[in-house]
Amino acid sequence: GCRIYENDTFCEIVELFRDLIREGLPVEDIIIKIQQEYENEDDSCIATLAIAEGLWRLGRLSCKDLENVQRIVDDETTCKFWMHLGADEKFIQKWRLSLDDFLKRISLAPTESQKWRINPIEQILRKGTCFWYKHRGNIYGAIVLERIKSSTNYYLIAITENLDSIPTVL
């Protein structure tokens, strides 16, 4: 489509960003992953816009991120990309308006309905997470082996025998 929210690449990256957040990956790692995946692509500027959308929906869009979006809009990086692909002037004009609307939108703080709600348990229980707990006076250690994705999250967790003391990090 000729609007940013109709662009397949943009929508796929925003969806990937949200999925990775739900899996508990740190935001910085998600950004690096997406940037690396799209660094040599012609539409890498679309990836930058999608990252900005994800950050905005988390309430973490910085001034620097907003400046990057502003630069892309001002220097018409994405318009040049579309022209290279043979887009007509009507398409380019709609795309420019869409980018302007996008920039205005992310320049304001997201409303509660625009923010992503991320289940905090998904961020805590990641594969490899280790913890200890007391049950009936006994101390146990546990490690998350795997997350089983379905409509409800299930976790495969290995639990130790009763420990003599609380485990410490070396």
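This is a short tour of the structure above, stop by stop, with something to select each time.

**Before you click**

You're looking at a predicted model, so a few ground rules apply: local features need pLDDT of at least 70, side-chain atom pairs count only at pLDDT 80 or more, and totals for chains, interfaces and linings use all residues. Residues are numbered from 1 along each chain as its sequence is written, and side-chain values use heavy atoms, with hydrogens and water left out.

**Stop 1: the whole protein**

Show everything as a cartoon. You should find 7 helices and 3 strands. Here helices (H or I, at least four residues) and strands (E, at least two) are DSSP runs, numbered from the N terminus. Follow the chain from the N terminus and the order is α-α-α-α-α-α-α-β-β-β.

Now turn the model around. The C-alpha trace spans about 70 × 35 × 30 Å along its principal axes. The radius of gyration is 21 Å, while a compact globule of 170 residues would have one near 15 Å. That radius is taken over C-alpha atoms, and the globule rule is 2.2 Å times the number of residues to the power 0.38.

Switch on the surface. About 10,900 Å² is accessible, and 52% of that belongs to carbon and sulfur atoms (Shrake-Rupley method with a 1.4 Å probe; for residues, only the protein chains shown count as cover). Of the 170 residues, 34% count as buried. Buried means under 20% relative accessible area, exposed means over 50%, and partly exposed is in between (1.4 Å probe, protein chains only).

How far apart in sequence are residues that touch? Among contacts (heavy atoms within 4.5 Å) between residues at least 6 apart in sequence, 55% join residues at least 24 apart.

**Stop 2: Tyr5 and Phe102**

The structure holds 8 aromatic pairs. Rings of Phe, Tyr and Trp (its six-membered ring) pair if their centres lie within 6.5 Å; planes under 30 degrees apart count as stacked, over 60 as edge-to-face and the rest as tilted.

Select Tyr5 and Phe102 and show their side chains. Their ring centres are 6.0 Å apart and their planes are at 65°, so this pair is edge-to-face. The two partners come from distant parts of the chain: Tyr5 is in the segment before α1, and Phe102 is in helix α6 (residues 89-107), 97 residues apart. Tyr5 is partly exposed at 35% relative accessible area, whereas Phe102 is buried at 0%.

Next, add Trp82 and Trp95. These two are edge-to-face as well, at 5.5 Å centre to centre with 70° between the planes. Trp82 lies in helix α5 (residues 77-84) and Trp95 in helix α6, so the pair ties together parts that are 13 residues apart in sequence. Both Trp82 and Trp95 are buried. Put Phe81 and Phe91 on screen too: ring pairs link Phe81, Trp82, Phe91 and Trp95 into a cluster.

**Stop 3: who sits beside the tryptophans?**

Pick Asn7, in the segment before α1 (8-22). Is Asn7 buried or exposed? Asn7 is buried, with a relative accessible area of 6%. Skipping its neighbours within four places in sequence, Asn7 is in contact with Ile46, Trp82 and Trp95.

Then pick Thr78, which lies in helix α5. Thr78 is buried too, at 0% relative accessible area. Again leaving aside neighbours within four places in sequence, Thr78 is in contact with Cys45, Ile46, Leu49, Ile72, Trp95 and Leu99.

**Stop 4: two backbone oddities**

Most residues other than glycine have a negative phi. Glu76 has a positive one, near 55°. Look for Glu76 in the loop between α4 (63-74) and α5, where it is partly exposed at 26%.

Arg136 also has a positive phi, about 55°, although it is not a glycine. Find Arg136 in the loop between β1 and β2 (138-148); at 76% relative accessible area, Arg136 is exposed.

**Stop 5: over to the strands**

Finish on Phe131, in strand β1 (residues 130-135). Phe131 is partly exposed, with a relative accessible area of 32%. Not counting residues up to four places away in sequence, Phe131 touches Leu125, Tyr140, Gly141, Ala142, Val144 and Ile157.

Last, draw a distance from Phe131 to Glu89. They are 42 residues apart along the chain, and their C-alpha atoms are separated by 59 Å.
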